[in-house]
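This report describes a protein structure from its interior outward. The sequence and the coordinates are shown first, and the description follows.

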Amino acid sequence: MRSADRPNRSLVLLVGEVNFATPSLCASLRLRDFASKKQGFAISTGLALTLVVPDNGRAATFPLDHRLCMTLSAELLRSLHSLLRQRAELEGRLERGPRQVAAAKGAVDRAAAEVEKWRQKIREAKLLADRKQLDLKSSEARIADWQAKLNACSSNKEYQMLLEQIAAAEMAGSVLQDEILETLERIDSLEAETKTAQVSLQAMQTTMQQTSERIAEAEAGLRSEIARVDSELTTAEQHIPGTLKSDYERVVRQNGASGMAEVDEGACGGCGQQLSLNQKSDIILQKAVFCQGCGALLYPPE
């Protein structure tokens, strides 16, 4: 190539071999004159693109349009999305750990509250039994007093009145005795319920302890995995062209792994939005395409 044919804006650098077998690619670069040729060499200054066809030495220089020439390989996008999903899954597992511990603690708190509920019922039942026993003793004391007065009655009327009072008190005392027995039986039942609740509480406490230990043990491994994925992601992101990196960082910052999506049968794999013909062509040409529905950065399927 003669020096006169070279772009005069800067030092000419050999970029590499270019295949012109796809006319649409040539059209996108406005290289229709070269579309029938088999191959050529691309020479770039950073400001212009020069194509040379070896057969006849023809050359043409075009302004370098970053919007047309800046591409993202499907492999790179697929790798980025895979790493983002790995990180999201690992972070999800890391976040679920404390929630699992909190859930186990909540179960322990509820079991402890259940134990306390039965204990409170036992206390109340015992107080009731004690009160009824005091009432029974008071009634028995009154009956004894009335019986002592029977011999001192001055009239038959007074005697009959005391007998009626004694009979009524004895009937009431019999009812109190039955109620006391029922209350004591209820206390026995409540104590059995309390023991069952205590067994459940102990099981919940054991589960919480095991869960806490398991989560603590897994946390270190998860953080190590996240660090590894972040390192691989940082390395992969270095291959994103500079003019596209800000758009990539924007969608990933806003939506995480959902900021990227694989094309599925002509539609966005994230939201199902159908792609236009231009978008489909741009994806084939490995240009950056964002879903018009959810804004995800799209890439073709394998």
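## Nonpolar cores

In this predicted model, the largest nonpolar core has 22 residues, of which Leu72, Leu77, Leu80, Leu84, Ile240, Tyr248 and Met260 touch the most other members. Four elements, namely α3, α4 (156-237), α5 and β7, each supply at least two residues of this core. The most is given by α3, with seven residues.

The surroundings of Leu84 illustrate how this core is put together. When residues up to four places away in sequence are not counted, Leu84 touches Leu233, Tyr248, Val252, Gly256, Ala257 and Met260. A second core, separate from the one just described, comprises 11 residues, among them Ile122, Ile187, Ala197 and Leu201.

## Overall architecture

The protein chain contains six helices and seven strands. Their order along the sequence is β-α-β-β-β-α-α-α-α-β-β-α-β.

Of the 302 residues in the protein chain, 32% are buried. Among contacts with a separation of 6 or more, 62% are made by residues 24 or more positions apart. The chain exposes about 19,000 Å², and carbon and sulfur atoms supply 51% of that area.

## Strand pairing around β5

Strand β5 (260-264) is paired with two other strands. With strand β7 (residues 297-299), β5 runs parallel and is joined by three bridges; here the bridge partner of Met260 is Leu297. Met260 thus appears in two settings, being also listed among the residues of the largest nonpolar core that touch the most other members.

With strand β6 (residues 267-268), β5 pairs in the antiparallel sense over two bridges. Within this pairing, Val263 stands opposite Cys268. The hairpin of β5 and β6 has two residues between the strands, and Glu265 takes a positive phi near 55 degrees in this hairpin.

The loop between α5 and β5 includes Ser258. At 56% relative accessibility, Ser258 counts as exposed. The C-alpha atoms of Ser258 and Cys271 are 9.7 Å apart, with 13 residues separating the two along the chain.

## Cysteines

How many disulfides does a search of the whole structure find? The search finds zero. Cys268 offers an instructive case: the closest cysteine sulfur to its own belongs to Cys294 at 3.7 Å, which is too far for a bond, because a disulfide requires sulfur atoms within 2.5 Å.

Cys268 is buried, with a relative accessibility of 4%. Cys153 is also buried, its relative accessible area being 18%.

## Salt bridges

Side chains of opposite charge can pair when their charged atoms come close. The structure holds 12 salt bridges, and some of them are described here.

Asp109 forms a salt bridge with Lys105, and the closest N and O atoms are 3.1 Å apart. Both residues lie in helix α3 (residues 74-150), where a spacing of four residues corresponds to about one turn of the helix. Asp109 is partly exposed at 42% relative accessibility, and Lys105 is partly exposed with a relative accessible area of 44%.

A salt bridge within helix α5 (residues 242-255) involves Arg250 and Asp247, which are three residues apart, about one turn of the helix. The N to O distance between their side chains is 3.9 Å, which qualifies as a salt bridge because the cut-off is 4 Å. Arg250 is partly exposed, with a relative accessible area of 32%, and Asp247 is partly exposed as well, with 27%.

Are Asp282 and Lys287, which meet in a salt bridge, buried or partly exposed? Asp282 counts as partly exposed at 25% relative accessibility, whereas Lys287 counts as buried at 11%. The N to O distance between their side chains is 3.7 Å. Elsewhere, Glu225, Arg228 and Glu232 are joined into one network by salt bridges that share partners.

Note on methods:
Residues numbered from 1 in each chain as written. Predicted model: local features only at pLDDT ≥ 70, side-chain atom pairs only at ≥ 80, totals over all residues. Heavy atoms only, no water. Buried < 20%, exposed > 50% of the residue type's maximum accessible area, 1.4 Å probe, protein only. Contact = heavy atoms within 4.5 Å. Areas by Shrake-Rupley, 256 points an atom, 1.4 Å probe, with all protein chains shown as cover. Pairing = 2+ DSSP bridges. Core = buried A, V, L, I, M, F, W, Y, C linked by side-chain atoms within 4.5 Å.
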